[in-house]
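This report describes one protein chain, with the sequence and structure shown below. Please keep both at hand while reading.

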Amino acid sequence: MNDKFDLDFCFKGSRKYVQGPDIFDAVINFISNEFDVIKGVKYSAHEILHNNATVYITKKIIKEDYEVINSLISFVGDDVKYYAVVCDNNNKIKRSVKYSEEIITEMSNVCGNVISFKNILPDSYTEIVVSMNKYFLNKIVKEKGKWIVTRFDYFYLDDTLSIKNKEIKVQLLTNFNNKLTKSVLFLDEKEVGYLYFSLIKEGS
């Protein structure tokens, strides 16, 4: 497996930054064929990414080796722990694509602390649950601001890959004064991981 590779992104819609799910999916596309089993996957956002990126794969992370870490993904591949360190490489993103979350917002069902969606989209599991949770939190929380994904964990990567026509569910577990929310993720009633969001308040 290469220990360094570049990622080229497209902006989605009117955004001028790269969302966590797009970063995660791009990294996974590179590494998923390198291992029989990938488990204990953890993604964390550190700095907003506005450009293309370089990814460094390492078994030991020394944060001082990197000027800025935009995202960090840790995982266990075939019983060995690795880190994928995502860093802005200052190469400008030159393209954008149309993007809409309308199907998710119109077809999702909110009941209490749960949002569910019968998937008919070609998008990744991560992209869908992030859109679902953002819509859910905007619907139930009155405080104004922008909800952003800060972290997500998957027990086994394979659990999130085959999602066509399956029910996807996000259940809010805790909300620490909107500074951090924790939700559990399901696919056809099977618990597959956790999702964390934070609210960036207006004017902050």
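What follows covers pockets, a surface patch, salt bridges and a few single residues.

The structure is a predicted model, and local features are reported at pLDDT of at least 70.

## Pockets

The largest pocket has a volume of about 410 Å³. Its lining is made up of 23 residues. Nearest the centre of the largest pocket lie Tyr 17, Ala 45, Ile 48, Ile 148 and Val 149. Several elements each supply at least two residues of this lining, namely helix 1 (20–31), strand 3 (38–45), helix 3 (125–140), strand 10 (145–156) and strand 13 (190–201). Strand 10 gives the largest share, five residues. By class, the lining of the largest pocket holds 13 nonpolar, seven polar and three charged residues.

The second largest pocket has a volume of about 190 Å³. Which residues line the second largest pocket? They are Glu 47, Thr 54, Tyr 56, Asp 65, Tyr 66, Glu 67, Val 68, Asn 70, Cys 87, Asp 88, Asn 89 and Asn 90. Two or more of these residues come from strand 4 (53–58), and two or more come from strand 6 (80–88). The lining of the second largest pocket divides into four nonpolar, four polar and four charged residues.

## Surface patch

A nonpolar patch on the surface is formed by Val 37, Phe 155 and Tyr 156. Together these residues have about 250 Å² of accessible area. Val 37 sits in the loop between helix 1 and strand 3. Its relative accessibility is 38%, so Val 37 counts as partly exposed.

## Salt bridges

The model has nine salt bridges. Three of them are listed here with the N to O distance.

| Residue pair | Closest N to O distance |
|---|---|
| Asp 22 and Lys 12 | 2.9 Å |
| Asp 153 and Arg 151 | 2.8 Å |
| Lys 169 and Glu 189 | 3.1 Å |

The side chains of Asp 22 and Lys 12 meet in a salt bridge. Asp 22 belongs to helix 1 and Lys 12 to strand 2 (residues 11–12), so this pair ties together parts that are ten residues apart in sequence. Are the two partners buried or exposed? Both Asp 22 and Lys 12 are buried. The pair is also part of a network of salt bridges in which Lys 12, Asp 22 and Glu 127 are linked.

In the pair of Asp 153 and Arg 151, the partners fall into separate accessibility classes under the 20% cut-off for buried residues. Asp 153 has 7% relative accessibility and therefore counts as buried. Arg 151, at 31% relative accessibility, counts as partly exposed.

The side chains of Lys 169 and Glu 189 also meet in a salt bridge. Lys 169 lies in strand 11 (residues 167–176) and Glu 189 in the loop between strand 12 and strand 13, so the pair ties together parts that are 20 residues apart in sequence. Why does Lys 169 count as buried? Its relative accessible area is 15%, and buried means under 20%.

## The loop between strand 12 and strand 13

Glu 189 has a backbone feature besides its salt bridge. Phi of Glu 189 is near 75°, a positive value in a residue other than glycine. Asp 188 lies in the loop between strand 12 (180–187) and strand 13, and Glu 189 has its place in the loop between those strands as well. Phi of Asp 188 is near 50°, again a positive value in a residue other than glycine. With 43% relative accessibility, Asp 188 counts as partly exposed.

## Two buried residues in strands

Leu 199 is placed in strand 13. Its relative accessibility is 9%, so Leu 199 counts as buried. How far apart are the C-alpha atoms of Leu 199 and Lys 42? They are separated by 20 Å, and the two residues are 157 residues apart along the chain.

Ile 115 has its place in strand 9 (residues 114–118). At 0% relative accessibility, Ile 115 counts as buried. The C-alpha atoms of Ile 115 and Gly 20 are separated by 20 Å, with their positions 95 residues apart along the chain.

Terms used:
Residues are numbered from 1 along each chain as its sequence is written. This is a predicted model: local features need pLDDT of at least 70, side-chain atom pairs count only at pLDDT 80 or more; totals for chains, interfaces and linings use all residues. Side-chain values use heavy atoms; hydrogens and water are left out. On a 1 Å grid over the protein atoms alone, a cavity is a set of points where a 1.4 Å probe fits but cannot get out, and a pocket is an open set with protein on both sides within 12 Å along at least five of seven lines; lining residues have an atom within 4 Å of a point. Grid points are joined across faces, edges and corners, and a volume is the space filled by probe spheres set on the points. Helices (H or I, at least four residues) and strands (E, at least two) are DSSP runs, numbered from the N terminus. Ala, Val, Leu, Ile, Met, Phe, Trp, Tyr, Cys and Pro count as nonpolar, Asp, Glu, Lys and Arg as charged, and the others, Gly among them, as polar. Patches are made of residues with over 30% relative accessible area and no salt bridge: like charges are joined within 9 Å, nonpolar side chains (Val, Leu, Ile, Met, Phe, Trp, Tyr) within 5 Å. Accessible areas come from the Shrake-Rupley method with a 1.4 Å probe; for residues, only the protein chains shown count as cover. A salt bridge is a side-chain nitrogen of Lys or Arg within 4 Å of a carboxyl oxygen of Asp or Glu. Buried means under 20% relative accessible area, exposed over 50%, partly exposed in between (1.4 Å probe, protein chains only).
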